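Me: I have a protein open in front of me and I'd like a close look at one part of it. Could you walk me through the side-chain links?

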Amino acid sequence: MATSTSSIFFFVLLFTSVLSRTSLYSPSRTTNLDVSFSIKNALNALTPVDSSLKSEENKVSSSSSFLSLSLHLHSRRAVGGNLHESYSSLMLARLERDSARAKSLQKRVDLTVHDIRRADLKPVETEFFQADQEIDGPIISGTSQGSGEYFSRIGIGHPVKQVYVVLDTGSDVSWIQCAPCADCYQQADPIFDPNLSKTYSSLSCETSQCKSLDVSQCRNDTCLYEVSYGDGSYTVGDFCTESITFSGASSSVENVAIGCGHNNEGLFVGAAGLLGLGGGSLSFPSQIKTSHFSYCLVDRDSDSTSTLEFGGATPPNAVTASIIRNSKLDTFYYLDLTGLSVAGNLLPVSQEAFKVSDNGDGGVIIDSGTAVTRLQTSVYNTLRDEFVKGTRHLKSTNGVALFDTCYDLKAMESVEVPTVSLHFSNGKELPLPAKNYLIPVDSNGTFCFAFAPTSSSLSIIGNVQQQGTRVSFDLKNSLIGFSSNQC
């Protein structure tokens, strides 16, 4: 009897210890939102940007085993300044642009599902398409011109010309605007002239790089490319190799295949082009053969910087999730998301809503270019309704644009709101900071729940939910890591 009693006592102690450790590391059921700080940031987005940002150089460091190159990562407001008189108009423009971005990603999936290649589509009609190692650098947020994109400053060619490029995990082909321009949009820096670069080299039609393009044509045995983004944006020009520099003229990557766009149109205002970070063979990570890269997206209303890094390793404290590969579409990074919770309560949502089907449809991707997270309508409704239950103490107000759940917080300094968490198949949980899902839409204290429904099967984890978190892509082990406050 004594032995039985002592055994029971031992297991009670063990169970209590496990509970104690679990509670120590479990996310809180509520999260504090600093209302006054968020409004201050919103007002900051309307102020002039420090011009010294453009002169910042990426850093290089080295050890006995590797060379490290550092790219600064910036918000759009540091690229082109502010074109809006109010934060409300800035946000509406940004959401309109974001809707176009989300639709373009879905269109890419739709083409794949229906087995339609981009090469089967009618090309953009321009004069160019006729029937005949370890690197890290800074990131800038892009709110001020109505964009949810982020930018890095790199050097192109030799002699080096510094330009801003959009960072895009949803694209493979990197490109910049080039002279002569048949049609070029306004950018912050002079248009790159390939005739003045000693390292520029056109690619022939028989090269593997040219054959890897979704859409290409030949002209005088040189490779022409086209990339369209489904929202009316496109770039057309010569496919070439160039050197890309990450710290003045001292550290560069040679012979990177990029597009030299002579006809470009769409939502790229401010940046000279795009750095493709997708999973395909033409993406920048694939071309430099890195097994790891990461970024940390600064606050969307900030003029501060963080870094984009190639090489290294995922921080040991990261919440990790498996990267799911879509055999029909290798560009996107799909997350092994299995559920969502609000205030510690797992939502009654089928895991099927997050899975990629055999024909390549559905799934959940993580995207640096989309701002607001999109969820299938039924999933979103369940998430929103549970969040509303936990915010009955807050004053509700009318919806704004794609946001249907908004609050009037102008009389409050801070508020407690239910914690929203992502859950993955390995049992790990990623709690989001309150400022990543309850965001200001004006400078008068109106905050909205920053998720949106989509009628499409594709769900997207956007950059609003990623900000302030280092997102690591371990390509060798097919893992994505999330490390809070690692910017």
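What follows is about the cross-links in this predicted model. Start with the loop between β7 and β8: which residue there is joined to C260 by a disulfide? Then carry on from that loop to the other links.

Reply: Sure, let's start in that loop and work outwards. The residue you're after is C178, whose sulfur sits 1.9 Å from that of C260. The torsion about this S-S bond is about -115°, so the disulfide is left-handed. C178 belongs to the loop between β7 and β8, while C260 is in strand β12 (residues 251–265), so this bond ties together parts that are 82 residues apart in sequence. Both ends are tucked away: C178 counts as buried at 0% relative accessibility, and C260 is buried with 1%.

There's another cysteine to look at around here. C240 is in no disulfide, and its nearest cysteine sulfur, that of C260, is 5.0 Å away. The cut-off for a disulfide is 2.5 Å between the sulfurs, so that distance doesn't make the grade. C240 is buried too, with a relative accessible area of 1%.

Now stay with the loop and move along to D189. It forms a salt bridge with R153, and the closest N and O atoms are 2.9 Å apart. D189 lies in the loop between β7 (175–177) and β8 (201–202) and R153 in strand β5 (residues 150–156), so this pair ties together parts that are 36 residues apart in sequence. Again, both partners are buried, D189 with a relative accessible area of 10% and R153 with 8%. R153 has another neighbour worth a glance: it lies over the face of Y164, at 4.6 Å from the ring centre.

Moving out from the loop, the whole structure has five disulfides. One of them joins C210 to C223, with the sulfurs 2.1 Å apart. Here the S-S torsion is 85°, and the link is right-handed. C210 sits in helix α5 (residues 208–211) and C223 in strand β10 (residues 222–228), so this bond ties together parts 13 residues apart in sequence. Both of these cysteines are buried, C210 with a relative accessible area of 4% and C223 at 1%.

Another disulfide joins C406 to C448, at 2.0 Å from S to S. Its torsion is about 100°, so this disulfide is right-handed. It links distant parts of the chain, with C406 in strand β23 (residues 406–408) and C448 in strand β28 (residues 446–449), 42 residues apart. C406 and C448 are both buried.

Back to charges: a search of the whole structure turns up 14 salt bridges. Among them is D168 with R101, whose closest N and O atoms are 2.5 Å apart. D168 and R101 are both buried. For a pair in another setting, look at E352 and K355, whose side chains meet in a salt bridge at 3.3 Å, N to O. E352 counts as exposed at 54% relative accessibility, whereas K355 counts as partly exposed at 45%. As for how the bridges join up, R101, D168 and D367 form one network through shared partners.

Then there are the rings, with 14 aromatic pairs in the count. In one of these, Y333 and F473 have ring centres 4.8 Å apart and planes at 55°, so the pair is tilted. This pair also links distant parts of the chain, Y333 being in strand β17 (residues 329–335) and F473 in strand β31 (residues 469–474), 140 residues apart. Y333 is buried with a relative accessible area of 1%, and F473 counts as buried at 0%. F424 and F482 make a stacked pair, 6.0 Å centre to centre with 5° between the planes. They come from strand β25 (residues 420–424) and strand β32 (residues 479–484), 58 residues apart. Y333 and F473 are also part of a cluster linked by ring pairs, along with F284, F293, Y295 and F310.

One last thing before you plan around any of this: confidence. The average pLDDT is 82, and 79% of the residues score at least 70. Residues 118–132 stay under 50, though the model has 36 contacts for them beyond four places in sequence. Residues 141–148 are also below 50, and that stretch has 52 contacts beyond near neighbours in sequence. Where pLDDT is low, the predicted coordinates shouldn't be read in detail.

Terms used: Residues are numbered from 1 along each chain as its sequence is written. This is a predicted model: local features need pLDDT of at least 70, side-chain atom pairs count only at pLDDT 80 or more; totals for chains, interfaces and linings use all residues. Side-chain values use heavy atoms; hydrogens and water are left out. A salt bridge is a side-chain nitrogen of Lys or Arg within 4 Å of a carboxyl oxygen of Asp or Glu. Buried means under 20% relative accessible area, exposed over 50%, partly exposed in between (1.4 Å probe, protein chains only). Helices (H or I, at least four residues) and strands (E, at least two) are DSSP runs, numbered from the N terminus. pLDDT is the predictor's confidence in each residue, from 0 to 100. Contact means heavy atoms within 4.5 Å. Rings of Phe, Tyr and Trp (its six-membered ring) pair if their centres lie within 6.5 Å; planes under 30 degrees apart count as stacked, over 60 as edge-to-face and the rest as tilted. A charge sits over a ring if NZ of Lys or CZ of Arg is within 6 Å of the ring centre and within 35 degrees of the ring normal.
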